[in-house]
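Work through the exercises below with the sequence and the structure at hand. Try each task before reading its solution.

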Amino acid sequence: PFQNDVVQMDLFKISKEMITGVEIIDKEHQEIAEKINLLFSHPKGTLSKAFIKAAIKDIHDMLEKHFQTEEQIFLKLGILENSVASLEHDSILKSLDNFIGDVEKNYFVSDEFKAFVVGTLITHMAMEAKDIKNASI
């Protein structure tokens, strides 16, 4: 939907600090970034509440699957217990649940959600990449 109204805005860019060298994790990072960028590529107020909720739910589900993959890899590398990144998973998923609830009050993607994406998700992916790179040395 809204193909003609799309405004290119890459809020979430995969930087070299986020590349883990583990193909499945790097692929999932890219897919999550693309989904987030699609949500933010529409002008404020042009998306329906149902579309926004579904998009955030998709991001939640993608992250939930990603975190399972990540934790399996961390376990294999022997870093699951020591990883700060793995401690954040439940908190990140709960925050996304809260943002889905916020859509009921707002008919747009909130600035708080943007800050969450930029501050929390991007930082998490960079920390995860650092943990994996350090364990692989």
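Two residues are in contact when heavy atoms of theirs lie within 4.5 Å. The model used here is predicted.

**Exercise 1. Describe the surroundings of D26.**

Step 1. Locate the residue: D26 belongs to helix α1, which covers residues 23-40.
Step 2. List its contacts, leaving aside neighbours within four places in sequence: these are M18, I19, T20 and G21.
Step 3. Look for a charged partner. D26 is buried but has no salt bridge. The nearest side chain of opposite charge is that of K133, 7.7 Å away. A salt bridge requires a side-chain nitrogen of Lys or Arg within 4 Å of a carboxyl oxygen of Asp or Glu.

**Exercise 2. Examine three salt bridges that involve helix α1.**

Step 1. Begin with K27 and E31, whose side chains meet with N to O at 3.1 Å. The two residues are 4 apart in helix α1, and therefore about one helical turn separates them. K27 is partly exposed at 47% relative accessibility, and E31 is partly exposed at 31%.
Step 2. Go on to E28 and K65, which also form a salt bridge, at 3.1 Å from N to O. E28 is in helix α1 and K65 in helix α2, so this pair ties together parts that are 37 residues apart in sequence. E28 counts as buried, because its relative accessibility is 5%.
Step 3. Finish with K35 and D58, whose closest N and O atoms are 3.0 Å apart in a salt bridge. K35 lies in helix α1 and D58 in helix α2, so parts 23 residues apart in sequence are tied together. K35 has a relative accessible area of 23% and is partly exposed; D58, at 33%, is partly exposed too.
Step 4. Set these pairs in context: the whole structure has 4 salt bridges.

**Exercise 3. Find the nonpolar cores.**

Step 1. Take the largest core, which has 28 residues. The members that touch the most others are F12, I36, I56, L63, F113 and V117.
Step 2. Name the elements that give two or more residues to this core: α1, α2 (49-77), α4 (89-102) and α5 (111-136).
Step 3. Follow one member. Beyond four places in sequence, V117 is in contact with L11, F12, I36, F40 and I122.
Step 4. Another core lies apart from this one; it has 5 residues, among them I25, I73, F74 and I79.

**Exercise 4. Which element has the lowest mean pLDDT, and which the highest?**

Step 1. Start from the protein as a whole: its mean pLDDT is 82, and 85% of its residues reach 70 or more.
Step 2. Compare the elements: helix α3 (residues 84-87) is lowest with a mean of 64, and α1 is highest with 91.

Methods: Residues numbered from 1 in each chain as written. Predicted model: local features only at pLDDT ≥ 70, side-chain atom pairs only at ≥ 80, totals over all residues. Heavy atoms only, no water. Buried < 20%, exposed > 50% of the residue type's maximum accessible area, 1.4 Å probe, protein only. Lys, Arg positive; Asp, Glu negative; His and termini not counted. pLDDT = per-residue confidence, 0-100. Core = buried A, V, L, I, M, F, W, Y, C linked by side-chain atoms within 4.5 Å.
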